[in-house]
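Visitor: I would like a close look at one part of this model, the place where the two chains meet. Please take me through it with care, and set it against the build of each chain.

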Amino acid sequence: MGLNRRGFFKLLGVTGITLAVGKDAVAAPRGKNNDVEFYGILYDAARCKGCRGCEFDCADAHGLPEPLPTKEIQANRKTSDTCNTVINSYKTSKGEVFSKRQCMHCNEPACVAACLTQAMHKTTMGPVTWDGNKCMGCRYCMVSCPFDSPKFEYHSVNPKIQKCDMCFERLKTGEPPACAYNCPNEALLYGKRRDLLNEAHRRISEKPDLYIDQIYGEHAAGGTGWLYLSPVPFEELGMNNNLQQASYPALTTGFLYAVPSIFVLVPAFLLGIYQSTKNNHLNEENKDEQ
Amino acid sequence: MSNNNQITLDRDGKTIWRFLVSELKPKGKFLTPFNIISIPIMLLGLILIVIRFWKGLGSITNLTQDIPWGLWIGFDVVTGVAFAGGAYVLTFMVYILNQRKYHSIVRVTVLNGFLAYVFYAGALLLDLGRPWNVINPIIGNSFGTSSVLFLVAWHFLLYMIAELIEFSPAVAEWLGAKRARKILSSMTIAAVIFGITLSTLHQSGLGALYLMAKDKIHPLWYSEFIPIMFFVSSIFAGLSMVIFEGSISHKVFSSQISEKNHHSQKNIVIGLSKICAGAMFAYFFLQMLVFIHGQNWDLLNTPMGYWWLLEMLGFVLLPMILFFYSYRSQNITMIKVASVITMLGIILNRLNVTVIGFRWDMAIRYVPTWMELVVTLAVIFTEIWIFRWVITRMPVLRDSPSWAHDNK
């Protein structure tokens, strides 16, 4: 394999940028949409029959208490510290439509940027996981998450953060997540995020009357691991469709990038003023004497 | 009392030990109104803290999955640290700008700032679900460097050390340690420069904590300029606290303060009110700029809009005018009134960002339990106890012992 002209310039550019910007520059493009080999799950609200089987499978896979037996499915149930996913029912313009809730596994998660101990971690496979040995329970991840995904065990002496981890332990052994594996209606599809996006676009173009022309999670909050297809606008499914398209950690980068320069400039500035004023009182005393 | 401080100590430690034990004993009357109110609250707070660590955070707080930070963060930490801002402003004026006239209040302000950080950052420990891991961001391989909270945590720690160094000559004078005093005093200017730098960053950092909560904070209080707002307002928050605390100290610890310093106090307060007025003008101007750029006119005619107007007009513009006017007319009483209104305004502002405006659209709002309030009060009272203990023993308000001037 020879190094041709174009390849050489590419290499030169990448090296230059890496040297100039450091680690961040290398890490950043990985989070950009569509370049990622993150895994994710495509949820098709048009296929979901609201059987809540995924709720039970999820509880089973994570050792959480079994969900309450199927009563009337409500509209606004939320995930909690004992329940990583819920299926809600919405009365929409096209009749009853179900929608699943769980951690969205953002490409650039706010919770990971917020975590000061790296307890929240975006794995290279895609799931966002939590490490109890590092977490100090400050709950800043909960403040930052635009989807309110992390949940905290308020009534425990040894409280944990609970949220969907996309069955990371199963993924490591090559098995798909419990909910996607068991869904009887094929409403959940696990795969590489890029492939899922292609599949979602294919479904929309094949049945443009069934789906609205939007994939929730393709752009929201900088792109998420979970992708949603729906027959009705996502607002009708109780989802926030006004989230910014840039990632949430981008909101703090400006501040954080200012820190090193302030650390250099402010002390120099202060030292300068100090030097120029330190003899002021002598002048005043001299004046008094004169 | 002053004899105590002049004791020349042996190096063998036993005398120091006896001296410390004797200093630990309370001085003065015990059954003061303040003690009668504060002791039961502190004891009750202690019991509640035990329950909190025994049964979990949910047992005594009203925190929910949607509102994970309540009074303990919004008031104790975010507001408390703003009030502690007086230390960096005054050290800047005295040590960097060399404005000697403020020198007599530097020590008490630094002490106040240091204790505020110890107790209010300490209150953070109560709020942590897994406090045994609190050391993780300081040591080991758990550096979450992309986190604003990581920055704030480190800054709290470093700033406490810087303030301790700034205050340490007073401790050395109390212990009669002449050599140590000389070494510690020589570190002051470095600690001051370091401390001011840290302060600019973590005062604004406390605001930057909320930048990612973009969709959760009411748009009248959220903008990408929260960090700058927090920094600028910490200047007059801290100075108002200095004026307020000074007016109380001059009554309560009157015997500690020399005749000369009693007289210079008026001049100091008037000088501070001028700075407050200036900083508040800058702050108000910034708020208006952000408001106009935010194009949130339609939000003004809502309940939250009235609340915002009350904060801006009643608790920023009004005290600003009062400060300015009373500076011109040399009216000390009005300056004190203005400082109290300013402090209320800071509490209002910090709570509006962190608690009241946070999830303002939720059906079920967060209201702290009485137990959260008691713990907060207990923290404040404990701080005042320690403050009083130090004031009555170390040369903070009173002049340094004569030997300290000689070996400068």
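Guide: Two residues are said to be in contact if their C-beta atoms, placed from the backbone, lie within 7 Å. Bear in mind throughout that this is a predicted model. In chain B, if one takes the contacts between residues at least 6 apart in sequence, 80% join residues at least 24 apart, and in chain A the corresponding share is 58%.

The two chains are built from these elements: chain B has 16 helices and 0 strands, whereas chain A has 10 helices and 9 strands. Of the 408 residues in chain B, 45% are buried, while in chain A, which has 290 residues, 39% count as buried. The C-alpha atoms of chain B occupy a box of roughly 70 × 55 × 45 Å along the principal axes. A compact globule of 408 residues would have a radius of gyration near 22 Å, and because chain B has 22 Å, the two values agree.

Turning to the place where the chains meet, the contact draws 49 residues from chain A and 44 residues from chain B. On the side of chain B that touches chain A, helix H7 (148-175) and helix H9 (188-208) each supply at least two residues, and H9(B) gives the largest share, 7 residues. By character, the residues on this side of chain B divide into 25 nonpolar, 14 polar and 5 charged.

The part that deserves the close look is the pairing of H9(B) with helix H9 of chain A, residues 250-277, where the two axes come within 10 Å and cross at roughly 155 degrees. Angles over 145 degrees count as roughly antiparallel, and H9(A) and H9(B) are therefore roughly antiparallel to each other. The crossing of H9(A) and H9(B) is right-handed.

At the level of residues, H9(A) brings A:Thr252, A:Phe255, A:Val259, A:Ile262, A:Phe263, A:Val266, A:Pro267, A:Leu270, A:Leu271 and A:Tyr274 to this meeting, and H9(B) answers with B:Ile189, B:Ile193, B:Ile196, B:Thr197, B:Thr200, B:Leu201 and B:Ala208. The residues of this contact between H9(A) and H9(B) divide into 14 nonpolar, 3 polar and no charged, whereas the side of chain B that touches chain A includes 5 charged residues.

Definitions and conventions:
Residues numbered from 1 in each chain as written. Chains lettered and ligands numbered in written order. Predicted model: local features only at pLDDT ≥ 70, side-chain atom pairs only at ≥ 80, totals over all residues. Helix = DSSP H or I, 4+ residues; strand = E, 2+ residues; numbered from the N terminus. Nonpolar A, V, L, I, M, F, W, Y, C, P; charged D, E, K, R; others polar. Rg over C-alpha atoms; globule rule 2.2 N^0.38 Å. Buried ≥ 20, exposed ≤ 12 C-beta atoms within 10 Å, placed from the backbone. Axes fitted to C-alpha atoms, helices over the stretch in contact; angles between N-to-C directions. Parallel < 35°, antiparallel > 145°, perpendicular 65-115°, else oblique. Left-handed = near helix turned anticlockwise from the far one by under 90°.
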